[in-house]
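Welcome, and thanks for taking a look at this one. Below is a short tour of some local features and of the contact between two chains, written to be read with the viewer open.

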Amino acid sequence: MRAEAILATRDLTIEFKGFKAVDGVNLNIEQGTIHALIGPNGAGKTTCFNLLTKFLTPTKGTILYKGRDITALKPAEIARLGIVRSFQISAVFAQFTALENVRVALQRRRGDSFDFWRSERVLTRYDREARELLEAVGLADYASVRAGELPYGRKRALEVATTLALDPSMLLLDEPLAGMGHEDVDRMAALIRHVSTNRTILMVEHNLSVVASLSDRITVLARGKVLAEGSYATVSSDERVVEAYMGGMHA
Amino acid sequence: MSAHDVAVPAAVEGDGARPSGRTYGVLLAVLVGVILVAPYFLYPVFLMKVLCFALFASALNLLLGYGGLLSFGHAAFFGFASYISAHAAKVWGLPPELAILSGTAAATVLGAVFGALAIRRQGIYFAMITLALAQLIYFVSLQSEFTGGEDGIQSVPRGVLFGVLPLTDDRTLYYVVATIFLAGFLLIFRIIHSPFGQVLRAIRDNEPRAISLGYRTVQYKLATFVISAGIAGLAGATKALVFQLASLTDVHWSMSGEVVLMTLVGGMGTIFGPAVGAIVVVSMQNYLATLGAWVPIVQGIVFVVCVLLFREGIIGVLSRWTKRPL
């Protein structure tokens, strides 16, 4: 029995000068699940991710969001539909304070961002909501710290808060745990679980133990193709998956 | 991540990250004061030239310093507006306020066209396209009849402002120009510190992230380009009436370079920097004029020194020392 797919791809392919980085991938991401995309280095995870968020254009294939073909849409339009991505390298506005980072996202949703004749003081009306979001990710005390000066783990948390400000129905997380220490990994994993309530999450991640504990469903990519799909138990016992990972290590 | 909790939030609370309204208030008051008394000490025409270039540089800075886009063709807006303004005053016989307005409007429209063509490019490509388009305007100005070619449009009447105030007296005109400058300057100030300006800063800081938050960044950049072109036009249109002349100098590519120089010397991305840069560069041109052909060389040396010693420009360095955005 399959739940309805919120995001799906059909025969998604991208070719760079004859090299198929993503080759005929069919994904079905079910509503309300945490779906992980894993695979050895060079498997095409990030490329696939960039295709889904429209930062790359597929050579062929379609992307469906809630049954609607979104293949031709631009990145900003995807975000407006409620699919918000994160970046592998933490994406904060370094010059802004943590509070301002969140506010800039809130401001977009409310749509007064073209007002060039008003004072920016009107933005203080978002402060309360922004503080609540910062608190939700454990950054309440960092509100007036410049984002560029935050420690790495906190930056990623800020990114989550900024993303949540848009109240997206779907989150695409590109290696949310990359480069984090133990303490941060646990905190972030808890955060991901926390924000997954009522949301769908697709994440690309290397940390397999976190993937195992967090994900409802896992797709394994290798050489641009789907190698296996299913629960962690299913894919981890799949011989081809083991082979792909081991082979990758020896190469 | 052992260095994790080093940043003690309390210590950074309320640091200089937010522009303090009072600093700006004081500086603006000083600026207005200086503008009011300056003609009693210095030659008004020189001051008007400084004000026109200060506004021009501030307009470029809005695009360069806050939009992160280097236009190398802003002379097109400045010069084209000065031709339209001169033509309107001399041939159509329009009063000065309408002449300036038509020049500004023309530059704004030109900005919309150039912007639409160039805005999707970035970095050096953006600079090259704006330069190429501006050269087109230069060529048109050189060849077409209404600009007077090599002669330019000469002896443009300054006219009577709003039908009541004759502008023949330099000091009277000075205060009109000063008012125009302040209006343009305050408009730029407001734009930078508006919800729109906030988004613009976000885009300059991290465009992919701004896009991923759903911002159609091209629209913001285009709007900034058009506003910047319009204000550059306002400066050019005003200058035509001050010198009663519109000439090829103002559409030449070296003018585009000069205004970039002013912005960098004064401090790109600072509110007061471009005006200070304009004062420095125009003063050099005026007071070192006796050096003749050596002026560009001195200018070049100043520029090199600026880049080597204080890359953030005069106001940029002051801003760092005082730890406040200026």
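Let us begin in a loop of chain A: A:Asp167 sits between helix H5 (152-164) and strand E7 (170-174). Please keep in mind throughout that this is a predicted model. The phi angle of A:Asp167 is near 45°, a positive value in a residue other than glycine. With a relative accessibility of 51%, A:Asp167 counts as exposed, because the cut-off for that class is over 50%.

A:Lys54 also has a positive phi without being glycine, here near 70°. The residue belongs to the loop that runs between H1 and strand E4 (60-65) of chain A. Is A:Lys54 buried or exposed? Its relative accessibility is 7%, so A:Lys54 counts as buried.

A:Lys54 comes after H1(A), and that helix deserves a look of its own. Helix H1 of chain A spans residues 45-52, and 7 of its 8 residues are buried, so the helix is largely enclosed by the rest of the structure. The buried residues are A:Lys45, A:Thr47, A:Cys48, A:Phe49, A:Asn50, A:Leu51 and A:Leu52.

**Where the chains meet**

Next comes the contact between chain B and chain A. It takes 37 residues from chain B and 52 residues from chain A. Together the two chains bury about 4,000 Å², and 56% of that area is on carbon and sulfur atoms.

How many residue pairs are in polar contact between chain B and chain A? There are 14, counting pairs with both residues at pLDDT 80 or more. On the side of chain B that touches chain A, at least two residues each come from helix H1 (9-12), helix H7 (170-192), helix H8 (195-205), helix H9 (207-212) and helix H10 (217-243) of chain B. H8(B) gives the most to this side, with 7 residues. Sorted by class, the side of chain B that touches chain A has 19 nonpolar, 9 polar and 9 charged residues.

The count of salt bridges between chain B and chain A is 1. In that salt bridge, the side chains of A:Glu77 and B:Arg216 meet at 2.8 Å, N to O.

**Inside chain B**

B:Ser228 is placed in helix H10 of chain B. At 0% relative accessibility, B:Ser228 counts as buried. Its side chain reaches the backbone oxygen of B:Ala59 at 2.7 Å. Beyond neighbours within four places in sequence, B:Ser228 is in contact with B:Ala59, B:Leu60, B:Leu62, B:Leu63 and B:His74.

B:Leu27 lies in helix H2 (residues 21-37) of chain B. With a relative accessible area of 28%, B:Leu27 is partly exposed. Leaving out neighbours within four places in sequence, B:Leu27 is in contact with B:Phe272 and B:Leu326. The C-alpha atoms of B:Leu27 and B:Met268 are separated by 18 Å, with their places 241 residues apart along the chain.

**Aromatic pairs**

Over all chains the count comes to 15 aromatic pairs. Two of them, both in chain B, are set out here.

| Ring pair | Centre distance | Plane angle | Geometry |
|---|---|---|---|
| B:Phe46 and B:Tyr287 | 5.4 Å | 65° | edge-to-face |
| B:Tyr174 and B:Tyr175 | 5.1 Å | 80° | edge-to-face |

Why does the pair of B:Phe46 and B:Tyr287 tie together parts that are apart in sequence? B:Phe46 lies in helix H3 (residues 44-66) of chain B and B:Tyr287 in helix H12 (residues 273-287) of chain B, so the pair links parts that are 241 residues apart in sequence. B:Phe46 is buried at 7% relative accessibility, whereas B:Tyr287 is exposed, with a relative accessible area of 52%.

The partners in the other pair also fall into separate classes. B:Tyr174 has a relative accessible area of 1% and is buried, while B:Tyr175 is partly exposed at 27%.

Finally, ring pairs join B:Phe77, B:Phe114, B:Phe126 and B:Phe225 into a cluster.

Note on methods: Residues are numbered from 1 along each chain as its sequence is written. Chains are lettered from A and ligands numbered from 1 in the order in which they are written. Side-chain values use heavy atoms; hydrogens and water are left out. Helices (H or I, at least four residues) and strands (E, at least two) are DSSP runs, numbered from the N terminus. Buried means under 20% relative accessible area, exposed over 50%, partly exposed in between (1.4 Å probe, protein chains only). Contact means heavy atoms within 4.5 Å. Buried area is the accessible area (1.4 Å probe) that two parts lose on being put together, summed over both. A salt bridge is a side-chain nitrogen of Lys or Arg within 4 Å of a carboxyl oxygen of Asp or Glu. A polar contact is a pair of N or O atoms within 3.5 Å; within protein, one must be able to donate a hydrogen and the other to accept it, and residues adjacent in sequence count only if both atoms are side-chain atoms. Ala, Val, Leu, Ile, Met, Phe, Trp, Tyr, Cys and Pro count as nonpolar, Asp, Glu, Lys and Arg as charged, and the others, Gly among them, as polar. Rings of Phe, Tyr and Trp (its six-membered ring) pair if their centres lie within 6.5 Å; planes under 30 degrees apart count as stacked, over 60 as edge-to-face and the rest as tilted.
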